[in-house]
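Here is a brief report for someone meeting this structure for the first time. Take a look at the sequence and the model before reading on.

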Amino acid sequence: EPPYQAWARARSPAELWEAVRVFVGGSCAAAAVAACPSWWWEQAPTWDPAVLRAVAPAHPIPLKRSPPAPPRSAGPAAEGGSTAKRPRLAPLPEAVAAPGRPADAGE
């Protein structure tokens, strides 16, 4: 199993990836073979450690809040009105058990 706790204590990305390389180099994954055309290495992006020191300004979050939405009622039935205009839903079908399994096995 990978030593995640040790990797979490790495003081830099370079230290982390070196520890990962050492772990993978000593495991069965080191013997794995896969296709790797030369152009993959030629077109691979380069790594510049300066990107870890880059700083980008962040815009402050506005403190203005929208007014709360008005409360919603539960509909005409909750207010003593009629529900005659609402379409009635068909009842749900009865559960059918799979062959060799009781109908309530999933509950």
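The text below covers the overall fold, then the ring pairs, the salt bridges and a surface patch.

**Overall fold**

This is a predicted model. The chain holds three helices and zero strands. Along the sequence the pattern reads α-α-α. Helix α1 spans residues 4–8, helix α2 covers residues 13–25, and helix α3 runs over residues 38–43. The chain has 107 residues, and buried residues make up 3% of them. About 10,800 Å² of the chain is exposed. Carbon and sulfur atoms supply 62% of that area.

**Ring pairs**

The count of aromatic pairs comes to three. One of them joins Trp-7 and Phe-23. This pair is edge-to-face, with 5.7 Å from centre to centre and 80° between the planes. Trp-7 sits in helix α1 and Phe-23 in helix α2, so the pair ties together parts that are 16 residues apart in sequence. Trp-7 is buried, because its relative accessible area of 17% falls under the 20% cut-off. Phe-23 is partly exposed, at 29%. Ring pairs also bring in Tyr-4, which forms a cluster with Trp-7 and Phe-23.

Trp-39 and Trp-40 make another edge-to-face pair. Their ring centres lie 6.0 Å apart, and the angle between the planes is 85°.

**Salt bridges**

How many salt bridges does the count come to? There are two. The table lists them.

| Salt bridge | Distance, N to O |
|---|---|
| Arg-11 and Glu-15 | 3.4 Å |
| Arg-21 and Glu-18 | 3.3 Å |

Arg-11 is exposed, with 74% relative accessibility. Its partner Glu-15 is partly exposed, at 32%. In the other bridge, Arg-21 is exposed, with a relative accessible area of 54%, while Glu-18 is partly exposed, at 42%. Arg-21 and Glu-18 both belong to helix α2. They are three residues apart, about one turn of the helix.

**A nonpolar surface patch**

Which residues form a nonpolar patch on the surface? They are Trp-39, Trp-40 and Trp-41. Together they have about 440 Å² of accessible area. Trp-39 lies in helix α3. Trp-39 is partly exposed, with a relative accessible area of 45%. Trp-40 is also partly exposed, at 42%. Trp-39 and Trp-40 thus appear twice in this report: in the patch and in an aromatic pair.

Terms used:
Residues numbered from 1 in each chain as written. Predicted model: local features only at pLDDT ≥ 70, side-chain atom pairs only at ≥ 80, totals over all residues. Heavy atoms only, no water. Patch = residues over 30% accessible without salt bridge, like charges linked within 9 Å, V, L, I, M, F, W, Y side chains within 5 Å. Areas by Shrake-Rupley, 256 points an atom, 1.4 Å probe, with all protein chains shown as cover. Salt bridge = Lys/Arg side-chain N within 4 Å of Asp/Glu carboxyl O. Helix = DSSP H or I, 4+ residues; strand = E, 2+ residues; numbered from the N terminus. Buried < 20%, exposed > 50% of the residue type's maximum accessible area, 1.4 Å probe, protein only. Phe/Tyr/Trp six-rings, centres within 6.5 Å; stacked < 30°, edge-to-face > 60°.
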